[in-house]
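Q: I have a new model open on my screen and would like to learn how to read it. Could you take me through it feature by feature?

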Amino acid sequence: MSLFLGLGSGGIVLLVCALVFDGVLEGVFGGALDGPFDGWLSLPVIAGFVSMLGFTGAIVLGTTGLGPGAAAVCGGVTGTGAGWLTYRFGRSLARDASAAAPRRAELVGSAGYVVTPIPAAGYGEVLLRLGGQPVKCAATADGPVPLGAEVWVTAVPSSTSVSVRSVDPSSVIDHRTAP
């Protein structure tokens, strides 16, 4: 019984190490486990197998009149199932592709408004939306643009600044008081 409980506990310790060190332990083997066994011999899969082998073996040994051989077979079957489920779950997480993060270049053509007036030969600030989130950027324009004017982005010269043009001079709105 103590052998099976030791295997179960050792599998849990191995799983904790695999999670804490996140791939460092797998790098020790230098890719020797890649190829046809890629993913199957990962530490989480091995930890799931060993844990289920040990704990199932201990349960079978303690609750039935079967011997250690039958307990090991039952533990091996459930361990294989746990390893397979761990492998499938890991593969599904690896395939879970999310959308690409928005880039500053995507600001070209977007609309926003001036939050700090833009002088004729200097920088002001505009509030834009990038990926649905508000982004405040330094802004230049060909001429002066007043506070609250709606603007379009014409270029993104750096990661923190944009070039804009006024949409319509009569569209100046004080966005601090607008609903």
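Q: Let me start with a turn. How many residues lie between β2 and β3 in their hairpin, and which residue in the turn has a positive phi?

A: Happy to help, and please keep in mind that this is a predicted model. To read a hairpin, look at the two strands and then at what links them. Here β2 and β3 have 2 residues between them, and Gly 131 in the turn shows a positive phi of about 65°.

Q: How many bridges join β2 to β3, and do they run parallel or antiparallel?

A: Follow the direction of each strand and look for its bridge partners. Strand β2 (residues 124-130) and strand β3 (residues 133-140) run antiparallel, with 7 bridges joining them. As one example to find on screen, Arg 129 has Pro 134 of β3 as its bridge partner.

Q: Which way does β5 run relative to β3, parallel or antiparallel?

A: That pair is parallel: 3 bridges connect β3 with strand β5 (residues 161-166). You can locate the pairing at Ala 138, whose bridge partner in β5 is Ser 161.

Q: Stepping back, in what order do the elements run from the N terminus?

A: Trace the chain from its start. The order is α-α-α-α-β-β-β-β-β, giving 4 helices and 5 strands.

Q: How do I read a helix such as α3, and what span does it reach?

A: Compare its end-to-end span with the expected one. Helix α3 (residues 43-63) has 21 residues and reaches 30 Å from its first C-alpha to its last, close to the 30 Å expected at 1.5 Å a residue. Next, think about which way side chains point: an α-helix has 3.6 residues a turn, so residues three or four places apart point the same way.

Q: Which residues of α3 are buried?

A: Among them are Leu 43, Ala 47, Gly 54, Ala 58 and Val 60. For the protein as a whole, 26% of its 179 residues count as buried.

Q: What about the outside: which residues make the nonpolar surface patch?

A: Look for exposed nonpolar side chains that group together. Met 1, Leu 5, Ile 12, Val 16, Val 20, Phe 21 and Phe 55 make a patch of about 610 Å². Helix α1 (residues 2-21) gives the most to it, with 5 residues.

Q: Where is Met 1 found, and why does it count as partly exposed?

A: Met 1 sits in the segment before α1. Met 1 counts as partly exposed because its relative accessibility is 46%, and that class lies between under 20% for buried and over 50% for exposed.

Technical notes:
Residues are numbered from 1 along each chain as its sequence is written. This is a predicted model: local features need pLDDT of at least 70, side-chain atom pairs count only at pLDDT 80 or more; totals for chains, interfaces and linings use all residues. Side-chain values use heavy atoms; hydrogens and water are left out. Patches are made of residues with over 30% relative accessible area and no salt bridge: like charges are joined within 9 Å, nonpolar side chains (Val, Leu, Ile, Met, Phe, Trp, Tyr) within 5 Å. Accessible areas come from the Shrake-Rupley method with a 1.4 Å probe; for residues, only the protein chains shown count as cover. A salt bridge is a side-chain nitrogen of Lys or Arg within 4 Å of a carboxyl oxygen of Asp or Glu. Buried means under 20% relative accessible area, exposed over 50%, partly exposed in between (1.4 Å probe, protein chains only). Two strands pair if DSSP finds at least two bridges between them. The expected span of a helix is 1.5 Å times one less than its number of residues.
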